[in-house]
Amino acid sequence: MADILLYRPHFVAFIILFLLGMYIMVVNPNLVKKLIGMYLMQTSIILFFIILAVKKDSTIPILLDSATALPPEAYANPLPHVLMLTAIVVGVSTLGVSLAMVIALYRQYSTLEEDEILGKMK
Amino acid sequence: MTSNLPGFLFAIPFFAAIVIPVVGFTNQKFCRPIALGALVFLSIVSVIGLSEAVSHGPLSHEFGGWAPPIGIEWVVDGLSGLLMVAISIVSLIALVHAGPLVEKELSDRVIPFYSLSLLLIAALGGMVLTGDLFNLFVFLEIGSLASYVLVGVAGGRSLHSAFRYLILGTIGASLYLLGVGYFYAETGTLNMADLAQRLPEVIDSRAVLTGLLFIVLGLAIKMGLFPLHGWLPDAYTYAPDSFTPLLTSVVTKVPLYAFVRIAFWIFGMTTVSTQIPILVVLGWVGAVAAIVGAYLAIWQENFKRMLAYSSVSSMGLFMLGFSLGTETGFAGGLFYVLADTLMKAALFGVAGAAIYQCGASTVTDLVRLRRNMPWVSTALLISALSMVGIPPTAGFFGKWHLVVGALEAEKYFAVTAILVSSMLTALYFFRMFQRVWAEPLQLVEPHVLETPFPIRISLGVLTFGIMALGLGSDLVMGLIFESVIPKGF
């Protein structure tokens, strides 16, 4: 357990962010705060993927000169970065749709607290 | 065999989804013909795709000319071809049915309704066809975003259930993505076929186990598997009536497909039943879901809510069938998925038609269907009998093969669960029959007329489909046995 904290602190950071995001999302009654939690959770997954590609003293995956190609140990794996570019787009569109829904809910019930909305629906 | 056909199956509804707002901006009347035309075309192409895949082996398409382990590959094989045919035909019927309902309840939102419905169908097609785990995540989210919006598009109570669906759906998608990350970290590939080859070497690692658990958990939220079905009853009840047939018939089946693909094609039967025995757990979860869903449905007064709990119960039955570990059980589960696609579209179609024509939203109100509405009440009768499992409807043959598969596997708890859930289903549908046909007639208002032609014809086609799938069950089961069953059974 202790060596995880020592040698893999970024994974601990990921776990804390993920659980914090999910906790806020499930527990907080305020709709906008729920969305903050949601975005935190999605961002923590981006962090997780980026950690997978991290290498010490590595460079970007390009040809430095035309004669010799870089050995695989010398550059960071580009695929997780590219995947996360797509995941960021997905996350942003989810956030956009959910904010639009929050606006529509606010117009209808003039509150952002979920318990008050549930009370007004009855 | 390389072919462009998988790409077309996505491109047809996707381009229609883009064309509809552009054309509909000038004249709203064009939306519906474009949507229906695209879906007719899609149905034809998917039938061609299935027949090609069955007769000449799987069709695959490599995007951008990059060969599979590096590039993204789309495949039409037996399973994805069959699902694609079911999705395209049922969504065509559902959109035919939606016509009059959209004009009544979403008259100022016709363009978004058709455009998003086609985007949803395109995304479901992408999920079914893709051979890449990350690509599947992207389509999962496109489809989910379209269905969140379509659930909430009518405003009112549906907005809150759509928001809840969004929150839970995003948790599901995030867990799925995390699981994909674990697989990638362990094997360095995202392609399903490549992953299936590399996984046996690392099957003992904890990363693979954790990844599989995250993926199954994420997909279980998306498919509304009990006890993770929290979003489902509200979303099904308050979604606009024009959208519920599409939502209930195909949207939850496709995450189930993704689970089946990952469990039986990537991991393989022996792995998921012995080395990482998730099938044992899912079998029990499915049995409990089938019984609890049906039990909860008995107490619902709102007709759509009753059907929503009945969907929870059906999802349990599918899971039970897939987890039996016998060929018959797997094929029976798949057959029941196809049957349920038709039955749920028909039942929610009836619910929508009843609200449209005479404002009947509770089970008691359904008595108004009795006179003057022979099409709607026949569809209700046949699809309800099929849900209960009365021969010769499709539901009976689905349940029959499930029971046979469970007996072959000697899993008697599964047999008990299927029979108990069928009896509970019979209880709530017969209670409904009693309200509709056995009570005295003074409640019936004479001015209630039969529904408009699009609703009538789509309910008729669905009813015919339920009977035809039942009577032709040998053909369909033969097709499943011949070209769908994965290796390892």
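Begin by selecting Arg164(B) and Glu114(A), which form a salt bridge whose closest N and O atoms are 3.9 Å apart. The model on your screen is a predicted one, and every distance given on this tour is computed from its atoms. Side chains of opposite charge can pair when their charged atoms come close. How many salt bridges does the rule find across the interface of chain A and chain B? There is 1, and the pair that you have just selected, with one partner in chain B and the other in chain A, is a salt bridge between these chains.

**The contact between the chains**

Keep both chains in view and colour the residues of the contact, of which 37 come from chain A and 29 from chain B. The size of an interface is often given as the accessible area lost when the parts come together. Here chain A and chain B bury about 2800 Å² between them, and 84% of that area is on carbon and sulfur atoms. If you look for polar contacts between chain A and chain B, the count is 2 residue pairs, with both residues at pLDDT 80 or more.

Now show the side of chain A that touches chain B, and select in turn α2 (9-27), α3 (31-53), α4 (78-109) and α5 (114-121) of chain A, the elements that give two or more residues to this side. Which of them supplies the largest share? It is α4(A), from which 17 residues come. When the residues on this side of chain A are coloured by kind, they divide into 28 nonpolar, 7 polar and 2 charged.

**Back to Glu114(A)**

Return to Glu114(A) and add Lys34(A) to the selection, since the side chains of these two residues also meet in a salt bridge, at 3.5 Å from N to O. Glu114(A) lies in helix α5 of chain A and Lys34(A) in helix α3 of chain A, so this pair ties together parts that are 80 residues apart in sequence. Over all chains, the structure holds 12 salt bridges.

A short step away in the selection list is Ser110(A), which is found in the loop between α4 and α5 of chain A. Its phi is near 45°, a positive value in a residue other than glycine.

**Two cavities**

Next, turn to the empty spaces inside the model, where a search of the whole structure finds 6 cavities of 30 Å³ or more. The largest cavity has a volume of about 120 Å³. To find it, select Gln42(A), Ala87(A), Gly91(A), Phe137(B) and Leu177(B), which lie nearest its centre among the 14 residues of the lining. Both chains take part, for the elements that give two or more residues to this lining are α3 and α4 of chain A together with α5 (133-152) and α6 (157-187) of chain B. By kind, the lining of the largest cavity divides into 9 nonpolar residues, 4 polar and 1 charged.

The second largest cavity, with a volume of about 80 Å³, is reached by selecting residues of chain B, including Leu124(B), Ser144(B), Tyr165(B), Lys222(B) and Pro255(B), which are part of its lining. At least two lining residues come from each of α4 (110-129), α5 and α11 (253-267) of chain B, and α5(B) gives the most, with 4 residues. The residues around the second largest cavity divide into 7 nonpolar, 3 polar and 1 charged.

**Backbone stops in chain B**

Finish by showing the backbone of chain B and selecting Phe226(B) and Pro227(B), which are joined by a cis peptide bond with omega about 0°. Pro227(B) is found in the loop between α8 (206-223) and α9 (232-238) of chain B. Then move to Pro391(B) and Pro392(B), where another cis peptide bond, with omega about 5°, joins the two residues; Pro392(B) has its place in the loop between α16 (374-388) and α17 (394-408) of chain B.

The last residue to select is Glu410(B), placed in the loop between α17 and α18 (412-438) of chain B, and its phi is near 55°, which is a positive value in a residue other than glycine.

How values were computed
Residues numbered from 1 in each chain as written. Chains lettered and ligands numbered in written order. Predicted model: local features only at pLDDT ≥ 70, side-chain atom pairs only at ≥ 80, totals over all residues. Heavy atoms only, no water. Contact = heavy atoms within 4.5 Å. Buried area = accessible area lost by both parts, 1.4 Å probe. Salt bridge = Lys/Arg side-chain N within 4 Å of Asp/Glu carboxyl O. Polar contact = N/O pair within 3.5 Å; in protein donor to acceptor, adjacent residues only side chain to side chain. Nonpolar A, V, L, I, M, F, W, Y, C, P; charged D, E, K, R; others polar. 1 Å grid on protein atoms, 1.4 Å probe; cavity = no way out; pocket = protein on both sides within 12 Å on 5 of 7 lines; lining within 4 Å. Points joined across faces, edges and corners; volume = space filled by probe spheres on them.
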